[in-house]
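Student: Please take a close look at the charged and aromatic side-chain contacts of this model, and explain how they are arranged.

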Amino acid sequence: MSENEFITIVKRNNQRIYLIALSYTQNSTDAEDIMQNVFMKLWKHGKPFENDEHIDKWLTTVCINESKDYIKNPFRKRNVPIDEAINTAVFDKAGNIDLFRAVMSLPTKERTIIHLFYYEDMSISDISRVLKIKESSVKTRLFRARKKMKVLLGDEWINE
C-alpha cells in the first residue's frame, strides 16, 4: 500500500473508527489511542485488500478487537465524562447530540450493536461474525437497545 492510498483510507475512515472506539471507551483520548493503533495495524498490514468495502470491514473488526482489549486494561482511565467527546465528534444536526448521548448511555454490548447496525450499516450476520456471537444474540441485544432508546428518547426515536 502506498502512502497516498493509506492517507486516503485514513481520511475516509478516521471519524467512523473514532466513533466505534468511543462507543466502547466513552473517553475521547482513549478512542484516539485506539484509532491510532488501528491505523498503525493497517500500515503494517502486508496483505492486499479486495476493495474499499473489504478495507472498511477489516478496519471495523480491528477497531472492535482493539477496543475490547483496551477496556480490559486495568490501567486505563475510568469515569471520564462523555461530554468531552461530544466536542470532538462531528454531528450534522443538533438533535444528533441527544441521540449520541442516549446511545452512549446504553450498556456496552447494546451500544456496540446499535452503533454497528445503524451507524455502520452492518447486517445482523455481519455483526454476528465481527463480534463472534450468535445472530440470535445480536437480534436480542438490538431489540433490548431499541426498547431502551424508545424510553430515553420517546417519540424522537424511530424504531425500525
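**Side-chain contacts**

Tutor: In this predicted model, F49 has a relative accessible area of 16% and is therefore buried, since the cut-off for that class is under 20%. The ring of F49 pairs with that of W58 in an edge-to-face arrangement, with 5.5 Å from centre to centre and 65° between the planes. Another edge-to-face pair joins F117 and Y118, whose ring centres are 5.0 Å apart and whose planes meet at 85°. The whole structure holds three aromatic pairs.

Turning to charge, the structure contains eight salt bridges. One of them connects D56 and R12, at 2.9 Å from N to O. This contact links distant parts of the chain, as D56 belongs to helix α3 (residues 52-72) and R12 to helix α1 (residues 3-25), 44 residues apart. Both ends are partly exposed: D56 at 22% relative accessibility and R12 at 34%.

Helix α3 also contributes E66, which forms a salt bridge with K41 of helix α2 (residues 28-44); the closest N and O atoms are 2.6 Å apart. The pair ties together parts that are 25 residues apart in sequence. Here K41 is partly exposed, at 41%, whereas E66 is buried, at 13%.

A further bridge runs from K57 to D126, with the closest N and O atoms 3.4 Å apart. Because K57 lies in helix α3 and D126 in helix α7 (residues 124-131), this pair joins parts 69 residues apart in sequence. K57 is partly exposed at 37% relative accessibility, while D126 is buried at 14%. These two residues belong to a network of salt bridges that also includes E53 and R129.

Definitions and conventions. Residues are numbered from 1 along each chain as its sequence is written. This is a predicted model: local features need pLDDT of at least 70, side-chain atom pairs count only at pLDDT 80 or more; totals for chains, interfaces and linings use all residues. Side-chain values use heavy atoms; hydrogens and water are left out. Rings of Phe, Tyr and Trp (its six-membered ring) pair if their centres lie within 6.5 Å; planes under 30 degrees apart count as stacked, over 60 as edge-to-face and the rest as tilted. Buried means under 20% relative accessible area, exposed over 50%, partly exposed in between (1.4 Å probe, protein chains only). A salt bridge is a side-chain nitrogen of Lys or Arg within 4 Å of a carboxyl oxygen of Asp or Glu. Helices (H or I, at least four residues) and strands (E, at least two) are DSSP runs, numbered from the N terminus.
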